[in-house]
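This report introduces one protein to a reader who has not met it before. The sequence and the structure are shown first, and the description follows.

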Amino acid sequence: MKKILLYVTLIVMLFGIKDVKAATVNSADISPSTYVIGKYMYTRNVNQEANYDGRF
C-alpha cells in the first residue's frame, strides 16, 4: 500500500509541473566586473564623488 501511494504521489508531482519560469542570459549581455548569483546580477560601479572604484 505504501509503494502504491509513493508511486501515485511521484506521478502527480512530476505531471503537475506545467511551467518553469527560467530565463537565459547570453554571456555577451553581462558587462565586465559583474557577478551572477542565482537570478541576480551584481556590478561594481565606480563612484567618482566618493573616490570609490569598487575595490576594498
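In this predicted model, the protein exposes about 6100 Å², and carbon and sulfur atoms supply 61% of that area. Of its 56 residues, 4% count as buried.

The protein holds one helix and two strands. Read from the N terminus, these elements follow the order α-β-β. Confidence in the model can be given for the protein and for its elements. The average pLDDT of the protein is 78, and 79% of the residues score at least 70. Among the elements, α1 has the highest mean pLDDT, at 88, while strand β2, which covers residues 40–43, has the lowest, at 83.

The helix is considered next. Helix α1 spans residues 2–15, and L6 has its place there. On the surface, L6 belongs to a nonpolar patch that also includes Y7, L10, I11, M13, L14 and F15. Together, the residues of this patch have about 820 Å² of accessible area. L6 has a relative accessible area of 48%, and therefore ranks as partly exposed, since the class called exposed begins over 50%.

Beyond the helix, the loop between α1 and β1 contains A23. Because its relative accessibility is 72%, A23 counts as exposed. Along the chain, A23 and K39 are 16 residues apart, and 8.4 Å separates their C-alpha atoms.

Strand β1 comprises residues 34–37, and T34 lies in this strand. Is T34 buried or exposed? The relative accessibility of T34 is 15%, so this residue counts as buried, the limit being under 20%. When neighbours within four places in sequence are left aside, T34 is in contact with M41, Y42 and T43. The side chain of T34 also makes polar contacts with other side chains, including that of S31 and that of T43. The table lists these two pairs with their distances.

| Side chains in polar contact | Distance |
|---|---|
| T34 and S31 | 2.8 Å |
| T34 and T43 | 3.3 Å |

T43 thus appears both among the residues in contact with T34 and as a partner in a polar contact of its side chain.

Three residues described above may be set side by side. L6 in helix α1 is partly exposed, A23 in the loop between α1 and β1 is exposed, and T34 in strand β1 is buried.

Definitions and conventions. Residues are numbered from 1 along each chain as its sequence is written. This is a predicted model: local features need pLDDT of at least 70, side-chain atom pairs count only at pLDDT 80 or more; totals for chains, interfaces and linings use all residues. Side-chain values use heavy atoms; hydrogens and water are left out. Patches are made of residues with over 30% relative accessible area and no salt bridge: like charges are joined within 9 Å, nonpolar side chains (Val, Leu, Ile, Met, Phe, Trp, Tyr) within 5 Å. Accessible areas come from the Shrake-Rupley method with a 1.4 Å probe; for residues, only the protein chains shown count as cover. A salt bridge is a side-chain nitrogen of Lys or Arg within 4 Å of a carboxyl oxygen of Asp or Glu. Helices (H or I, at least four residues) and strands (E, at least two) are DSSP runs, numbered from the N terminus. Buried means under 20% relative accessible area, exposed over 50%, partly exposed in between (1.4 Å probe, protein chains only). A polar contact is a pair of N or O atoms within 3.5 Å; within protein, one must be able to donate a hydrogen and the other to accept it, and residues adjacent in sequence count only if both atoms are side-chain atoms. Contact means heavy atoms within 4.5 Å. pLDDT is the predictor's confidence in each residue, from 0 to 100.
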